[in-house]
Amino acid sequence: MWGKFGSVEAAKQVFEKISEQDHIGWTVMINSYGLNGMGDEAVKIFHQMPKESIDHLTYICVLNACSHSGLVDVARSIFNDIQTKTEIIYTTMIDCLSRAAAFEEAQKLIEQFERDHAPAVSIYTALLSGARNQKNSKLLQEVVDRMQKLFPNMKDSLLAASILLANVYASSDDIGKATDIKIELHKSGGKKQIGVTVTDIDGKLWKFRAHDRSHAESAEIHEQVDRMSKRIIEHGHKIIEHGHKYDASWIVRPIEPDETIETLLCGHSERLAMAAHFIHNRKPKRIQMTMNLRICGDCHEVTKLVALIYQCDIVVRDANHIHHFRLNGQCSCQDYF
Ligand SMILES: [Zn+2]
Ligand SMILES: [Zn+2]
């Protein structure tokens, strides 16, 4: 439990007190290190574990830990030793390779998987995320085309894949292709989940949606976002990319007619939540937030700089990771997320 809330030290103490470290205890510890971006520690525990305690779940947790810490070689050697490789084990390994931009190897592994399994959408989604992170629009297009052939009825997965592709085209200045996809999405009525961040300020829970203006203090919160953006830019936050002011590949839903790339990104709910903390307490020492989606690349950079500039410890739990933004401006995930 503690591992999931970011207190890996507490988890470790509990673990060390369990006299008979059963396989659940070991696996929970590996998972806890993995979630907190401490892949080396997770691997260490894995190698200390008695062989007979290692099961399917252990493999998934240790591969996932490697994936989030960029330990590709370690993951590869663990993967090769696994006797029974399930779909989820393949998915985790392909996620690891894709995050490290080892796309050729990832695709070979998919071929290997499909020799004796039916194609799995989760595997293609893992490959897509990696291609998105690398802004590899050629590979993305190939994967999306293949997904459309293989999984014609999986509307949600196809929609998410098309949005990713459109956004990568938009950030590579291929606005024509991006617009074509977005028009198609609009026609098919595709709607994507909107980002929500929840945080506790002085004992009260606050909920922020992207572009939220529903709070009594919304005007003040948006002013604070602007002030923080200025300070961050002074500290050299990279804002010119591909001729756009922001990195557009991270937008996770189609752009509405009255929105620009810039307003979409600045409306991110986690920044509103951070700004609200700074309004209520001018010098917060620690901020904790929970998001329903994966943190976007731009917000991840911004949050690192907020932690550094304002000397505030920030913990963000997003849809698949816990990020500890530390006072030195680094995140525990080491930018693998
Ligand atoms: Zn964001
Ligand atoms: Zn992070």
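**Salt bridges, a helix and a zinc site**

Me: Which residue forms a salt bridge with E142?
Reply: In this predicted model, the closest N and O atoms of the two side chains are 3.3 Å apart. A salt bridge needs them within 4 Å, so the pair counts, and the partner of E142 is K138.

Me: How far apart along helix 9 are E142 and K138, counted in helical turns?
Reply: Both residues sit in helix 9, four residues apart. E142 is partly exposed at 40% relative accessibility, while K138 is exposed at 62%. Because of that four-residue spacing, their separation is about one helical turn.

Me: Where are the buried residues of helix 9 placed around its axis: on the same side or on opposite sides?
Reply: The buried ones are S137, L139, L140, V143, V144 and M147. They cover an arc of only 155 degrees around the axis, so they lie on the same side.

Me: Which exposed residues does the face of helix 9 turned away from its buried side carry?
Reply: One of them has turned up already, in the salt bridge with E142. At 62% relative accessible area, it is over the 50% needed to count as exposed. The exposed residues on that face are K138 and K149.

Me: What geometry does the site of the zinc ion (ligand 2) have?
Reply: The ion is held by H300 (NE2), H323 (ND1), C331 (SG) and C333 (SG), at 2.0 to 2.3 Å. The angles among those four donor atoms run from 100 to 114 degrees. That fits the allowed range of 85 to 135 degrees, so the site is tetrahedral.

Me: How many residues apart in sequence are the parts that H300 and C333 tie together?
Reply: H300 lies in helix 15 (residues 297-309), and C333 in the segment after strand 5 (322-325). Both are buried, H300 at 0% and C333 at 1%. The parts they tie together are 33 residues apart.

Me: Which residue's side chain meets that of D335 in a salt bridge?
Reply: The N to O distance of this pair is 3.0 Å. D335 is in the segment after strand 5 and its partner in helix 15, 31 residues apart. D335 is partly exposed at 40%, but the partner is buried at 7%: K304.

Me: Which residue is linked with D73 and R76 in a network of salt bridges?
Reply: D73 and R76 pair at 2.7 Å, N to O. They both lie in helix 5 (residues 72-81), three residues apart. The network also takes in E105.

Terms used
Residues are numbered from 1 along each chain as its sequence is written. Chains are lettered from A and ligands numbered from 1 in the order in which they are written. This is a predicted model: local features need pLDDT of at least 70, side-chain atom pairs count only at pLDDT 80 or more; totals for chains, interfaces and linings use all residues. Side-chain values use heavy atoms; hydrogens and water are left out. Buried means under 20% relative accessible area, exposed over 50%, partly exposed in between (1.4 Å probe, protein chains only). Helices (H or I, at least four residues) and strands (E, at least two) are DSSP runs, numbered from the N terminus. The arc is that of the directions from the helix axis to the C-beta atoms. Donors are N, O and S atoms within 2.8 Å of the metal (3.2 Å for Na, K and Ca); water is not among the atoms, so sites may look incomplete. Four donors count as tetrahedral if all angles lie between 85 and 135 degrees; four count as square planar and six as octahedral if opposite donors are over 155 degrees apart and all others between 65 and 115; anything else is irregular.
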